[in-house]
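Here are my notes on the model you sent round, set out as numbered points so that each can be taken up separately. Please read them with the coordinates open.

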Protein chains: 2
Amino acid sequence: MNIIINPDFSEFENICKRPSFDQKHLSSGVQTIFDEINRRGDQALIEYTEKYDNVKIKSTVLNLNDEQVEISSALKEAIQVAYQNIKTFHEAQKPLEINVSVMHGINCSQKPIPIQNVGVYIPGGTAPLFSTVLMLCIPAKLAGCKRILLCTPPDKSGNIHPAILYAAQLCGVKEIRLAGGAQAVAAMALGTAEIQKVDKIFGPGNQYVTAAKQLAQNYGVSIDMPAGPSELLVYADSTAISSFVAADLLSQAEHGSDSQVVLIATTEKMVKDIFNEIESQLEVLPRKNIAKEALKNSKFVVITDASKAFDLINHYAPEHLIIASDSPEQYVDLILNAGSVFLGNYCPESAGDYASGTNHTLPTNGWAKNYSGVNMDAFYKKVTFQSITKQGIENLGQTIITMAEGEALQAHANAVKVRLNQK
Amino acid sequence: MNIIINPDFSEFENICKRPSFDQKHLSSGVQTIFDEINRRGDQALIEYTEKYDNVKIKSTVLNLNDEQVEISSALKEAIQVAYQNIKTFHEAQKPLEINVSVMHGINCSQKPIPIQNVGVYIPGGTAPLFSTVLMLCIPAKLAGCKRILLCTPPDKSGNIHPAILYAAQLCGVKEIRLAGGAQAVAAMALGTAEIQKVDKIFGPGNQYVTAAKQLAQNYGVSIDMPAGPSELLVYADSTAISSFVAADLLSQAEHGSDSQVVLIATTEKMVKDIFNEIESQLEVLPRKNIAKEALKNSKFVVITDASKAFDLINHYAPEHLIIASDSPEQYVDLILNAGSVFLGNYCPESAGDYASGTNHTLPTNGWAKNYSGVNMDAFYKKVTFQSITKQGIENLGQTIITMAEGEALQAHANAVKVRLNQK
């Protein structure tokens, strides 16, 4: 266990370093996939599916029927509860039209208009991420996006996991395509016969998916945010409960061997207690090897002074931040950079990962300094409108002319003059 | 003059094509600039300034004092009027904290937190873009960004244009650095001794600046939006006034030879009237050669049916959209993709470019399908918080456990179980 005790400010940079995440070497392979999808469309997609997902499909189109959904009623109920909470919290975020009369005769407004075509990517693999279906499709539907396309790779029998299907149906998703990896992203960005081009791509994925999302931006498609391995920082003061903190750190560590886990505690004793709890909880975990690997990159820091601790936290800008304390409110105003914050001893990250209502698609790798997690805004453009009456342009005209001439743009001034000089 | 009359849907794609805008050939040169700034900091910056701006400066720091500001009182007053309108409209957009009790014991909130360090780039060159200073620094200040850095290249005597300085002072900008082009962007992204690293970079620029902003994203910095040449689409119904529309199209065309100008009118006669007006207004413009060049790329389209016309408009997704009509409201609900919309015969684009209150930093090149123009949101991250009580986790715990186990993430379930099983 590597404990860093009361580090100097000069050490912050080093503590905040994430394992490097270089995708440059992937880009030529991903470009080839884009070129193939561009040239040969669905045929290329079907071939990639055979190569990477080991299943031969005839079409990427998934015909939806209710019989396919076979999941336990307990899971159905859980998904319904999560659905309701996520919907409630996102509904409250709906942006409203803003209307301002700035001067007599001049009215400016800002109107949220849904992005028309959104694509949601849900990875396959061992963990069927039905929770991500909820996190991305509920706000898309609430925003009124005209078309919601969901792409996910088929399993070896050509199906998708019934829980993913159930979540999609609950969200009202009608268009599901069997496609995974970089090729699915390429198809959403370029369009094929079966997969119509989208305007914005959402969703997690491995490094190939991430590289493909970055490349997609060269084709006029926007993405939710840059992605990196998931991370959790726990701030534990003297009122934290060590077994809870240990469980939270492990829940992050089991995500992948590249997951980031950081603990900042006010005392060395707390760090040691938490570490001992980790050791005892770890052994029974099915994914303990992954978690152990992730813990190797973990950092345990003791910082006595809260203000200095939050300087480090803001410098790190964690995706998830747990304030393990029985009075967490005292720290809230110190938080400047974080994706999602969990307040108090009874607030595990798992709650936000699944069911409390907040979104779990969040900025990693320090991007919490400048990116929000996915929220309702992500599904809209805010378009400005202005109405100016004849009286309005008479009021503001000279201002515009003076400024346009100040920038040496005479035609800009003329556009006002023709209106003022109208006979 | 090339008039396209009632095009078929199949022709839309072609009408919407922008002149290609390939920056790949610039990236190695811009990468070299980043490497040099990274290695040699301000010294490299000063050398680039000598090379590209033809002036030898000792330091990039501009010492601010009032004497430098010598502009006419007419321009000062105009800037003040614009300042007030922009402030009024952006203040109305301030995002509020959202607080939702989703279940008993579970509270979720979303809190807008300002991006701490923002960098604003203002190009030099012939036109001193003091209007852009207002458009970017007013919302940054309103949002409460801790630090607003403004970079702009010095003129040949080592100064900056007094109108830029005046606008910056009015906005309360205290930190101005003499640096231009890709090297200024590199310095803001990487940090030097004189230019501290920022979290997000805003502002227009030539293709080198654009390439540098794209590259900056590899260094943990976000940007306002991808940039391309400016563009205007005017929709003119039979109540449009041809001389006004002509002046608007010319105001866009004078921006640069790569500016995009599109007219969609309901009748062929209107197109011809507007074209004749353009010819007569063009001759007296100081920047007529630039405008003529831009008009070569322009498209004049006749579409009788309004619904079809707006299909094309939404497909094109113009940066600026003027509805030249005496009853523009009838078309508002047809608009799905646009950056900023100007309603009515007395509403020139110039109004929004300078002084009505809306922002002029807008998505070009079709990005209006998935990007908003700069608005208050651009200066915040929306961070989610959740508080869960012991009762709350008892209420929601089983839901979380069931979902976590459904995704085969046992440690996620454990983080709840340790709390439920607490003795």
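The points below go from the contact between the chains to the domains of one chain, and then to single residues and charged pairs.

1. The model is a predicted one, and local features are taken up here only where pLDDT is at least 70, with side-chain atom pairs counted only at pLDDT 80 or more. Totals for chains and interfaces, on the other hand, draw on all residues, and the two kinds of statement should be read with that in mind.

2. The contact between the chains involves 111 residues from chain A and 111 residues from chain B. The size of an interface is often given as the accessible area lost when the parts come together. For chain A and chain B this buried area comes to about 9700 Å², and carbon and sulfur atoms give 62% of it.

3. As for polar pairing across the interface of chain A and chain B, 51 residue pairs are found in polar contact, both residues being at pLDDT 80 or more. On the side of chain A that touches chain B, the residues divide into 59 nonpolar, 38 polar and 14 charged. Between chain A and chain B the count of salt bridges is six, and one pair that forms a salt bridge is B:D377 with A:K382, whose closest N and O atoms are 2.6 Å apart.

4. Within chain A, the domain assignment gives domain 1 (23–92 + 120–224), domain 2 (229–366) and domain 3 (390–420), so that domain 1 is written as two segments according to the assignment. The centres of domain 1 and domain 2 of chain A, taken over C-alpha atoms, are separated by 30 Å.

5. How many residues does each side bring to the contact of domain 1 of chain A with domain 2 of chain A? Twelve residues of domain 1 of chain A are in contact with eleven residues of domain 2 of chain A, and the area buried between these two domains is about 880 Å², of which carbon and sulfur atoms give 57%. The rule finds zero salt bridges across this interface of domain 1 and domain 2 of chain A, whereas five residue pairs, both at pLDDT 80 or more, are in polar contact there. On the side of domain 1 that touches domain 2, the elements that give two or more residues are α3 (73–91) and α4 (130–143) of chain A, and the residues of that side divide into six nonpolar, five polar and one charged.

6. A:S340 has its place in strand β13 (residues 340–343) of chain A. With a relative accessible area of 0%, A:S340 is buried, because the cut-off for that class is under 20%. Leaving aside neighbours within four places in sequence, A:S340 is in contact with A:E319, A:H320, A:L321, A:T358 and A:L362 in chain A, and with B:T384 and B:Q386 in chain B, so the protein atoms around this serine should be examined with both chains displayed.

7. B:T49 is found in helix α2 (residues 27–53) of chain B and counts as buried at 0% relative accessibility. A polar atom of the side chain of B:T49 lies 2.9 Å from the backbone oxygen of B:L45. Beyond the neighbours within four places in sequence, the contacts of B:T49 are B:N54, B:V55, B:I57, B:P154 and B:L178.

8. Side chains of opposite charge can pair when their charged atoms come close. Over all chains the structure holds 36 salt bridges. One of them joins A:K292 to A:E283, with the closest N and O atoms 3.6 Å apart; A:K292 is partly exposed, at a relative accessible area of 36%, and A:E283 counts as partly exposed at 41%.

9. The side chains of A:E394 and A:K390 also meet in a salt bridge, at 3.6 Å from N to O. These residues are four apart in helix α13 (residues 390–406) of chain A, and are therefore separated by about one helical turn. A:E394 counts as partly exposed at 44% relative accessibility, and A:K390 counts as partly exposed at 37%.

10. Are the partners in the salt bridge of B:R177 and B:E175 buried or exposed? B:R177 counts as buried at 12% relative accessibility, and B:E175 is buried as well, with a relative accessible area of 15%; their side chains meet at 4.0 Å, N to O. In chain A, salt bridges that share partners join A:E36, A:R39, A:R40 and A:E47 into one network.

Note on methods:
Residues numbered from 1 in each chain as written. Chains lettered and ligands numbered in written order. Heavy atoms only, no water. Contact = heavy atoms within 4.5 Å. Buried area = accessible area lost by both parts, 1.4 Å probe. Polar contact = N/O pair within 3.5 Å; in protein donor to acceptor, adjacent residues only side chain to side chain. Nonpolar A, V, L, I, M, F, W, Y, C, P; charged D, E, K, R; others polar. Buried < 20%, exposed > 50% of the residue type's maximum accessible area, 1.4 Å probe, protein only.
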